[in-house]
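Student: I'd like to go through the pockets of this protein with you. Could we take the reasoning step by step?

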Amino acid sequence: QFDLLEQNWEKLVEYLGGTAGEQFAEDCRAAQASQPTSIACELAYLSRKPVAELEQALLRTRAFVSLLRCTGMRSITAVTLRLDQFTEAGDGGALLLKRMERKCGSARNVEKPVYVCVVPHADPKLCPIVHMAAALGNREIKPACELFAEGFTHKPGQDYVSFATMVQRRYISILQCAAVAIGVPALFALANMVSAPSLEAVMN
């Protein structure tokens, strides 16, 4: 399925970066009928949101999947990345990302630091740094803000995995809607089949 994603990457990026909120709301309604129940519920919820929020959600999704694609990071880790985990690396516009990686379900809950350098793409339209700037620019963001979990709140007693799964489901819904809209509905089918939706099923 990764091959299918690679073949349609440019079309997916173009849709996420250039679709108007009104059109995306229509696409959400059109995609509901063919989706699993939880995805259909998310699409119905999205279709009722204000246009500006939908356009922001599209840009944030583009930045999110672009970062996953270029780093190989697990989506359950990426959903709670903070601004203060990124630093500039040299004068070439690259970003150094430091994150703590942990294996979900590990009884020992072992964590380890992972460093990755995100470099500019030769084509600005496909550049993950440009995508992040478009999603986060012109907004006041606190260093400890979770960049990709905007609009979600940790509930009292809620563990990390259940919170991250809730955010992942939102991204999978947006991506599945985009896949239907660009004419490749099977693009994220594998992610829809797993019990706890995971983007890494197709991104890595």
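Student: What makes the lining of the largest pocket divide by class the way it does?

Tutor: Keep in mind that this is a predicted model. The lining has 10 nonpolar, four polar and six charged residues. Among the residues nearest the centre of the largest pocket are R60, E150, G151, F152 and R170. Arg and Glu count as charged, Phe as nonpolar and Gly as polar, so R60, E150 and R170 go with the charged group, F152 with the nonpolar one and G151 with the polar one.

Student: How do you know which residues belong to the lining of the largest pocket?

Tutor: A lining residue has an atom within 4 Å of a point of the pocket. For the largest pocket, 20 residues line the space. The elements giving two or more residues are α3 (37-47), α4 (51-71) and α7 (160-181), and α4 gives the most, with six.

Student: How much space lies in the largest pocket, and how much in the second largest?

Tutor: About 300 Å³ lies in the largest pocket, and about 210 Å³ in the second largest.

Student: Which elements give two or more residues to the lining of the second largest pocket?

Tutor: Those are α5 (75-78) and β2 (94-102). β2 gives the most, with three residues.

Student: And what makes some residues there count as charged?

Tutor: Asp, Glu, Lys and Arg count as charged. The lining of the second largest pocket includes R82, R99, R102, E111 and E146, so these are its five charged residues. Four nonpolar and three polar residues make up the rest.

Key. Residues are numbered from 1 along each chain as its sequence is written. This is a predicted model: local features need pLDDT of at least 70, side-chain atom pairs count only at pLDDT 80 or more; totals for chains, interfaces and linings use all residues. Side-chain values use heavy atoms; hydrogens and water are left out. On a 1 Å grid over the protein atoms alone, a cavity is a set of points where a 1.4 Å probe fits but cannot get out, and a pocket is an open set with protein on both sides within 12 Å along at least five of seven lines; lining residues have an atom within 4 Å of a point. Grid points are joined across faces, edges and corners, and a volume is the space filled by probe spheres set on the points. Helices (H or I, at least four residues) and strands (E, at least two) are DSSP runs, numbered from the N terminus.
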